[in-house]
Amino acid sequence: MAFNAFPTIDQCASVGREKHTVVADMDGTLLRGRSSFPYFALVAYEVGGVLRLLFLLLASPIAGLLYYFVSESAGIQVLIFSSFAGMKVSDIESVARAVLPKFYSSDIHPESWRVFSSCGKRCVLTANPRIMVEAFLKDLLGVDMVVGTEIATYRGRATGFVRRPGVLVGDKKADGLRKAFGEAKPEIGLGDRHTDFPFMAMCKEGYIVPPKPHVRAFPSKKLPKPIIFHDGRLVQKPTPLMALLIVLWVPIGFILACLRIAAGALLPMPLVYYAFWALGVRVIVKGTPPPPAKKSTGQSGVLFICSHRTLLDPIFLSTALGRPIPAVTYSVSRLSEFISPIKTVRLTRDRANDASMIKKLLEEGDLAICPEGTTCREPFLLRFSALFAELTDQLVPVAMVNRMSMFHGTAARGWKGMDPFYFFMNPSPAYEVTFLNKLPLELTCGSGKSSHEVANYIQRVIAATLSYECTNFTRKDKYKALAGNDGTVVGKPSYTPNKVMGC
């Protein structure tokens, strides 16, 4: 069947489709990109690390040759084997739920989404493994049915092969559609290549999505469910070139990260700022911080209320001030404790004990706290715990922002001890620390305001400074969405170490 046998997607009306059914391919149709390599690379790196990503890179030329010169099915099978073989199915599902949606949602084709979203019943028919795409399609796009390639498993692990009928390409897509809908004909079929024609011909109307590499993606914030929480280490979509750069940079970046961490841990805090700049870490300070508390006059310490971007927030707060500021935290890895240049104290999650502990620390001097309780990567602030507002009226909001070009310095899955290393592995990471005005006494609990009013006010002030949006989400919401737990660390003793890293 000729390519011009179907009209283009721009000719498809999207009005009055509420009772219609649409069936769409994914790569090149619902998504702008025609290649699924970046998403296989994400699974490979997030589950198997840099060595698995290297294996996928080495296998990709074979996949490309098979895909373009032998069959699409064979090429996709090589990608599946290279990415999935030996992986736990639960790990693949975790990445599909917590990592891939962020990247998929940033690549939605605007014309395809215009038609797709106008229909009352939505189905996606794809050669991609169903386990990779189903969470994104159903949870974020409101897709009713996903028909994709089924991977073979053995004792909870992927074998790297696929189950019958094999990779859904060409006539197998048409068979999948027939199995899903029986004799009923969907109203609209959307595809982008000749192997989509068999299933498009089974629909009442078929439309082709022509390749337009420079078309702008549909804004992800306008999707039915915007992404607030996402996980994974990679900042950019790993195209073949980017994946190669990551593989080459990791050993260099790790050595550089060790140097940067050593500089922060071993040098006196007034020198850390200059050492970071010499090693490519940019620290930008805005606003006027308050002077340190004077114990001789009996002056109580200031409580710095920080927005939470990574566990390094108190470190960069201290760097900006040129003096170490103790911090309180919920949980942190032993490795992060060992390499920390500042003192922090673990919270016990017992309100009375934590309040007593923070009061004692404030009597000794300034203190930092991140009342969100966990990090958020997107331009949102989580709900602020109100405990801090009950303990002192000396409150200074601090807006924290960081910039990373290759790796995220936070993770809900995996070992959090690598968080500082991943942040410092970026070629030139940056932190912007903005000190806001000290909270007026009339806006504190000492003047009759409730702790929740104070916490909400500070949240709004920081959000306005950063152009962020306030939310009521909490630590538990984040970890339930990304890791399937409430974010607590079980089995760790509660104690006050001399030197740990926090927030």
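These legends accompany close-up views of a predicted model.

**View 1. The second largest pocket.** This pocket has a volume of about 560 Å³. Its lining comprises 28 residues. Nearest the pocket centre lie Arg34, Ser35, Tyr67, Tyr68 and Arg193. Three elements each give two or more residues to the lining: helix H2 (37–69), helix H3 (72–84) and strand E2 (121–129). H2 supplies the largest share, six residues. By class, the lining of the second largest pocket holds 11 polar, 10 nonpolar and seven charged residues.

**View 2. The second largest cavity.** Two cavities of 30 Å³ or more turn up in a search of the whole structure. Shown here is the second largest, with a volume of about 60 Å³. Its lining includes Ile228, Phe229, His230 and Asp231. Thr375, Cys376 and Arg377 also line this cavity, as do Thr410, Ala411 and Ala412. Lys478 and Leu482 complete the list. The lining of the second largest cavity divides into six nonpolar, three polar and three charged residues.

**View 3. Strand E14 and its two partners.** E14 spans residues 395–403 and is mostly covered. Eight of its nine residues are buried. Strand E9 (residues 303–306) runs parallel to E14, joined to it by four bridges. Within this pairing, leucine 303 has leucine 395 of E14 as its bridge partner. Strand E15 (residues 430–435) runs antiparallel to E14, and six bridges join the two. Here valine 401 is partnered by glutamate 432 of E15.

**View 4. The salt bridge between aspartate 25 and lysine 173.** The model has 22 salt bridges by the rule applied. In this one, the closest N and O atoms of aspartate 25 and lysine 173 are 2.8 Å apart. The pair links distant parts of the chain, with the two positions 148 residues apart in numbering. Aspartate 25 sits in the loop between strand E1 (21–24) and helix H1 (26–30). Lysine 173 belongs to helix H8 (residues 171–181). Aspartate 25 counts as buried because its relative accessibility is 4%, under the 20% cut-off. Lysine 173 is also buried, with a relative accessible area of 4%.

**View 5. The salt bridge between glutamate 150 and arginine 130.** The two side chains meet at 2.6 Å, N to O. This pair also links distant parts of the chain, 20 residues apart. Glutamate 150 lies in the loop between strand E3 (145–149) and strand E4 (151–154). Arginine 130 lies in helix H7 (residues 130–140). Glutamate 150 is partly exposed, with a relative accessible area of 24%. Arginine 130 is partly exposed too, at 25%.

**View 6. Helix H7 and a salt-bridge network.** Glutamate 134 and lysine 138 form a salt bridge at 3.1 Å, N to O. Both residues lie in helix H7. They are four residues apart, about one turn of the helix. Lysine 138 has a relative accessible area of 35%, so this residue is partly exposed. Salt bridges link Arg130, Glu134, Lys138 and Glu150 in a network. Of these residues, Glu150 is the one placed in the loop between E3 and E4 in the previous view.

Conventions
Residues numbered from 1 in each chain as written. Predicted model: local features only at pLDDT ≥ 70, side-chain atom pairs only at ≥ 80, totals over all residues. Heavy atoms only, no water. 1 Å grid on protein atoms, 1.4 Å probe; cavity = no way out; pocket = protein on both sides within 12 Å on 5 of 7 lines; lining within 4 Å. Points joined across faces, edges and corners; volume = space filled by probe spheres on them. Nonpolar A, V, L, I, M, F, W, Y, C, P; charged D, E, K, R; others polar. Buried < 20%, exposed > 50% of the residue type's maximum accessible area, 1.4 Å probe, protein only. Pairing = 2+ DSSP bridges. Salt bridge = Lys/Arg side-chain N within 4 Å of Asp/Glu carboxyl O.
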